Amino acid sequence: MPKKRGGNKKEFGREGRIQYGESDIAGRENAARKRIDHDRLFKELLSTFFEEFLLLFFPHVYEHIDVRHLSFLTEELFTDVTAGEKHRVDLLVETKVKGEDGLVIVHVEHQSYTQRTFPERMFLYFSRLFQKYRRRILPIAIFSYDEQYDEPSSWVMQFPFLTVLDFRFLTVELCKLPWRAYIRHANPVAAAVLSKMGYNEEEKVDVKKECLRMLVRLELDEAKQRLLFGFFETYLRLSEEEEIQLRHEVSQMETKEAKRVMELIVSYEQRGMEKGIQQGIEQGMKQGRQQGIEEGKLDVVKRMLAKGYDVDTIHELTGLPVEMIEKVRQ
């Protein structure tokens with residue numbers, strides 16, 4: 001049986017109430033520090049492709065939203081006095097419902113680590129946003145961690161004799177989604193979040209290959225293409241052996257598509273190599289030694305050779321002498 005990403009399913013306590021030990025607190029603090037970059041990546045992705053995000057995951061919502069009236073509101077910073085934490089709302093979008101004059105707000109919250117009190121936190125954000133804007137608010141939560149949990153989509157406050165509150169929100173649990181079901185979507189968000197969907201370790205090469213094919217078909221401008229590929233590469237990186245396998249599989253594709261995909265691979269690797277050379281030069285200058293510069297360049301050549309580049313291609317991409325490359329190869 002192929003090894004699946006993530007761990008075993010865990011059970012949540014009622015209404016998300018739990019006592020945390022020291023290790024739990026430390027784990028949450030570490031996760032919170034890591035969350036900052038994750039939140040930035042998701043915010044950049046969704047603010048650039050918000051319409052496509054709704055169309056991909058919530059087509060029933062997309063049907064009713066007037067996407068001609070989209071504006072992004074200033075971030076809100078909330079303080080949880082009890083927990084002693086501050087949190088910035090991830091994404092607030094002001095829009096309209098088709099056929100209506102009044103404005104509504106879509107609140108999208110990204111969660112990169114498990115938190116049993118998350119449904120309660122979503123309600124607190126909702127109530128504070130409503131208090132400020134006094135508009136209808138549609139809350140959406142995106143869960144991007146690798147483990148599979150049964151995430152609640154509501155928060156209930158009740159007595160045996162009365163349900164005081166039944167707060168509900170929409171959810172996307174990326175790791176539960178079968179990645180192959182999304183590769184036929186002409187949707188840029190799908191191409192990016194393939195890297196966070198449910199795939200086996202043995203499928204990593206196939207996932208990246210399909211992402212590249214999607215990017216080629218989408219024909220986006222360079223900035224958007226780089227955003228999507230950068231997002232993907234943050235969460236799914238291949239080993240050198242897997243990169244060689246990817247190139248081999250691309251070469252077996254239909255000729256025209258294979259050429260376009262390979263051009264995309266080379267263009268991104270060229271940027272990476274140029275960055276690596278520049279870092280080597282900067283490090284060498286910092287150390288005041290020419291040796292540092294040469295070591296940076298040679299490291300780039302070694303990595304390109306390991307990935308199957310021929311000498312002429314390395315010479316063309318890096319500008320290094322053929323003799324130097326030949327010497328490294330030997």
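In strand β6, proline 139 is the bridge partner of histidine 107. Helices and strands here are DSSP runs, numbered from the N terminus, with H or I over at least four residues for a helix and E over at least two for a strand. The pairing behind that bridge joins β5, residues 103-111, to β6 in the parallel sense, over 8 bridges; two strands count as paired if DSSP finds at least two bridges between them.

Before I continue, a word on the source: this is a predicted model, in which local features need pLDDT of at least 70 and side-chain atom pairs count only at pLDDT 80 or more, while totals for chains, interfaces and linings use all residues. Residues are numbered from 1 along each chain as its sequence is written, and side-chain values use heavy atoms, with hydrogens and water left out.

Let us stay with β6. Together with β5 and helix α4, residues 118-133, β6 makes a right-handed β-α-β unit. Right-handed means that, with the strands pointing away from the viewer, the path from the first strand over the helix to the second runs clockwise. β6 also pairs in the parallel sense with strand β9, residues 170-173, over 4 bridges. There, phenylalanine 143 has glutamate 173 as its bridge partner in β9.

How many of the residues of β6 are buried? Of the 8 residues in 136-143, 6 are buried, where buried means under 20% relative accessible area, exposed over 50%, and partly exposed in between, with a 1.4 Å probe and protein chains only.

I turn now to the backbone. Most residues other than glycine have a negative phi. Arginine 134, in the loop between α4 and β6, has a positive phi near 55 degrees. Arginine 134 counts as exposed because its relative accessibility is 59%. Glutamate 219 likewise has a positive phi, near 55 degrees, and is placed in the loop between α6, 204-218, and α7, 222-235. Its relative accessibility is 60%, so glutamate 219 counts as exposed.

Finally, the surface. Met157, Phe159, Phe161, Leu162 and Val164 make a nonpolar patch of about 530 Å². Such a patch joins nonpolar side chains (Val, Leu, Ile, Met, Phe, Trp, Tyr) within 5 Å, from residues with over 30% relative accessible area and no salt bridge, that is, no side-chain nitrogen of Lys or Arg within 4 Å of a carboxyl oxygen of Asp or Glu. Areas come from the Shrake-Rupley method with a 1.4 Å probe. β7, 154-159, and β8, 162-168, each supply at least two residues of the patch, and phenylalanine 161 lies in the loop between them. Phenylalanine 161 is exposed, at a relative accessible area of 67%.

Notes:
Patch = residues over 30% accessible without salt bridge, like charges linked within 9 Å, V, L, I, M, F, W, Y side chains within 5 Å.
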